[in-house]
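Subject: Handing over a structure, with notes

Dear colleague,

I am passing on to you the structure shown below, and after it you will find my notes on what turned up when I went through it. Please keep the structure open beside the text as you read.

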Amino acid sequence: MKRDITALLKLGESAISNKHIRKFLINNIEKRIYGDLIEKNPDDRPVKVQDDKYVLAKALLHSIDNAFDRGHMSKGCARGLIQIFLGNVFFGGFYKRREFIEKYGFKPPMFITIAPTKVCNLKCKGCYANAAYEPKKLSYDTFDKILMDAKESWGANFFVISGGEPLMYEDDGKNLLDIARVHNDCFFLMYTNGTLIDGAMAKKLAQVGNITPAISVEGFERETDDRRGKGVFRKILSAMDNLRNNGVPFGISVTVTKNNVGLISSDEFIEYYFKEQHAIYGWYFHYMPIGRGHTLDMLPTPEERVELLRREWRVVREKDIFLVDFWNSGTASDGCISAARGGGYFYIDWDGNVCPCVFVPYSEDNIIELYKRGKSLENAINSKLFAKIRRWQAGYGYERPRNEVGNWLRQCPIRDHYDTMYKILKETNAKPIDTSGEEILKDEKYRKGLVRYGEHIEELTKDIWEKEYLSRDKNT
């Protein structure tokens, strides 16, 4: 079956334009994933963990197929989704990177999140990056070198681009689209506020084909404009219209706060963005109290988070919609994915700081300085900071037997186990990359508040984890 899938992926436009071939391809990929995850279960994970992964993968394939059926797909984007995303990333990524494993003894990360610029045309409340018009950016040469380094070191071909506003990145007359054209064997997920996607930009994205925009929304007009500025929601709708008209598949990105937690999982919200606006995926990020105006007051309560967990998985299972929550989908990622964990990721900002996670504003290494010394990304991801976080991940669940895995409904070290992360930061002497990171380390009230939050999450999810995820494995 693997040979059949590989051959079909190489057919390119022939497979794409023929509905029957495309559905045969997607059905066979789905069967292969079921076999790998459920029947083989090579990493010996709890059965329901594997089922969570499978239903998410199935929902993603279903969403891609729907996008083709609706006709909202340019030739460039069709190639990007079928040959690059499904071929290189989604399917091919499972069967690569053996050389790296043999060299370092662990699986390499799946992707890197890169924020090439801090510049942004909005000033959203609570922005984790504190983005503004401040002219900070990676040089184009450094940006390009990071991608080449990752591809050559461990075969990476998926990159997440954040900011600032990625569409405002420019250096030496080149921009993000130039990067995507040069690295046309890679697929890019771009988090964007959407306000710069006019008809001309949508047409360029359609031609490039290997960038999918994840547009930030907070709910509907009132919620979005309240956080992002008056008139932003209308600009977002215009951007989505431009993307549909030019055949560019897109998704949504939502920051979950106490103000919108009930709305963003409602049937009304899901129907609007996924059925009416035709988004093909959704990413939910619970507000993390870092960056601009950081405060614990914007956090959804632990009770709200658990209720959201139930609602999100119902959306995935019952509606076949690819909806991933950075916290509540922890089972599908085998827990925390930070610090270059196998199948995980790490973060590089506009100053070149290499951080374990977008939401962990601390660093031991700077990629610009490493390159000056003839070093590489391999040096950065083997830093003491990254290694200590990976050891915690391993001990908590990633390398434990299936019936002893720690609670992956409470998997985030910076949010759910803050004392653990605080200790690691102190032991490694990692440096804050901004003033908020520095302030947080000195704030005892903040530390105690997040510790209590994590303990409350444990109280609410322990029985769910034990009964729904571990019980059948303990009885086998």
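I begin with the largest cavity, where H4 and helix H12 (267-276) each supply at least two residues of the lining. Please bear in mind throughout that this is a predicted model. The largest share of that lining comes from H4, which gives four residues, and the volume of the largest cavity is about 100 Å³. Its walls are made by His62, Ser63, Asn66, Arg70, Phe274, Lys275, Ala279, Ile280, Lys319, Asp320 and Ile321, and when these are sorted by class there are four nonpolar, three polar and four charged residues.

The count of cavities of 30 Å³ or more comes to four. The second largest cavity has a volume of about 50 Å³, and its lining consists of Asp334, Gly335, Cys336, Arg341, Trp392, Gln393, Tyr396, Gly397, Tyr398, Trp408 and Gln411. By class, the lining of this second largest cavity holds five nonpolar, four polar and two charged residues.

Turning from cavities to pockets, the second largest pocket offers about 280 Å³ of space. Its lining is made up of 19 residues, and those nearest the centre of the pocket are Lys118, Ala129, Asn130, Ile433 and Asp434. Helix H18 (residues 435-442) contributes the most to this lining, with three residues, while the classes present in the lining of the second largest pocket are eight nonpolar, five polar and six charged residues.

Next comes the sheet. Ten strands form an open sheet with mixed pairing, and their order is S9-S8-S7-S6-S5-S2-S1-S10-S11-S13. At its edges are strand S9 (323-325) and strand S13 (365-366), each of which pairs on one side only. Strand S10 (residues 345-348) and strand S11 (residues 353-355) run antiparallel and are joined by two bridges, and in this part of the sheet Ile348 stands opposite Val354 in S11.

Strand S6 (residues 211-217) deserves a separate look, since seven of its seven residues are buried, so the strand is largely enclosed by the rest of the structure. Ile211, Pro213, Ile215 and Val217 point one way from S6, whereas Thr212, Ala214 and Ser216 point the other way, and all of them are buried. S5 and S6 run parallel, with five bridges joining them, and Ala214 in S6 is the bridge partner of Tyr191.

The aromatic residues form another part of the picture. A search of the whole structure finds 27 aromatic pairs. What geometry do the rings of Tyr34 and Tyr54 have? Their centres are 5.1 Å apart and their planes stand at 75°, and because an angle over 60 degrees counts as edge-to-face, the pair is edge-to-face. This pair links distant parts of the chain, with Tyr34 in helix H3 (residues 19-40) and Tyr54 in helix H4 (residues 47-70), 20 residues apart. The two partners differ in their surroundings: Tyr34, at 34% relative accessibility, counts as partly exposed, whereas Tyr54, at 13% relative accessibility, counts as buried.

Tyr191, already met as the bridge partner of Ala214, also forms an edge-to-face aromatic pair with Phe285, at 5.5 Å centre to centre and with 80° between the planes. Here too distant parts of the chain are linked, as Tyr191 belongs to strand S5 (residues 187-192) and Phe285 to strand S8 (residues 282-286), 94 residues apart. Tyr191 counts as buried at 15% relative accessibility, and Phe285 is buried as well, with a relative accessible area of 13%. Both residues belong to a cluster linked by ring pairs, which consists of Phe85, Phe111, Phe158, Phe187, Tyr191, Phe285, Phe326, Trp327, Tyr345 and Phe359.

Finally, there are charged groups placed over rings. Arg415 lies over the face of Trp327, at 5.0 Å from the ring centre, and Trp327 is itself one of the residues of the cluster just described. Elsewhere in the list of such contacts, the charged end of Lys145 sits over the ring of Tyr371, 4.4 Å from its centre.

With best regards

Note on methods:
Residues are numbered from 1 along each chain as its sequence is written. This is a predicted model: local features need pLDDT of at least 70, side-chain atom pairs count only at pLDDT 80 or more; totals for chains, interfaces and linings use all residues. Side-chain values use heavy atoms; hydrogens and water are left out. Rings of Phe, Tyr and Trp (its six-membered ring) pair if their centres lie within 6.5 Å; planes under 30 degrees apart count as stacked, over 60 as edge-to-face and the rest as tilted. Buried means under 20% relative accessible area, exposed over 50%, partly exposed in between (1.4 Å probe, protein chains only). A charge sits over a ring if NZ of Lys or CZ of Arg is within 6 Å of the ring centre and within 35 degrees of the ring normal. On a 1 Å grid over the protein atoms alone, a cavity is a set of points where a 1.4 Å probe fits but cannot get out, and a pocket is an open set with protein on both sides within 12 Å along at least five of seven lines; lining residues have an atom within 4 Å of a point. Grid points are joined across faces, edges and corners, and a volume is the space filled by probe spheres set on the points. Ala, Val, Leu, Ile, Met, Phe, Trp, Tyr, Cys and Pro count as nonpolar, Asp, Glu, Lys and Arg as charged, and the others, Gly among them, as polar. Two strands pair if DSSP finds at least two bridges between them.
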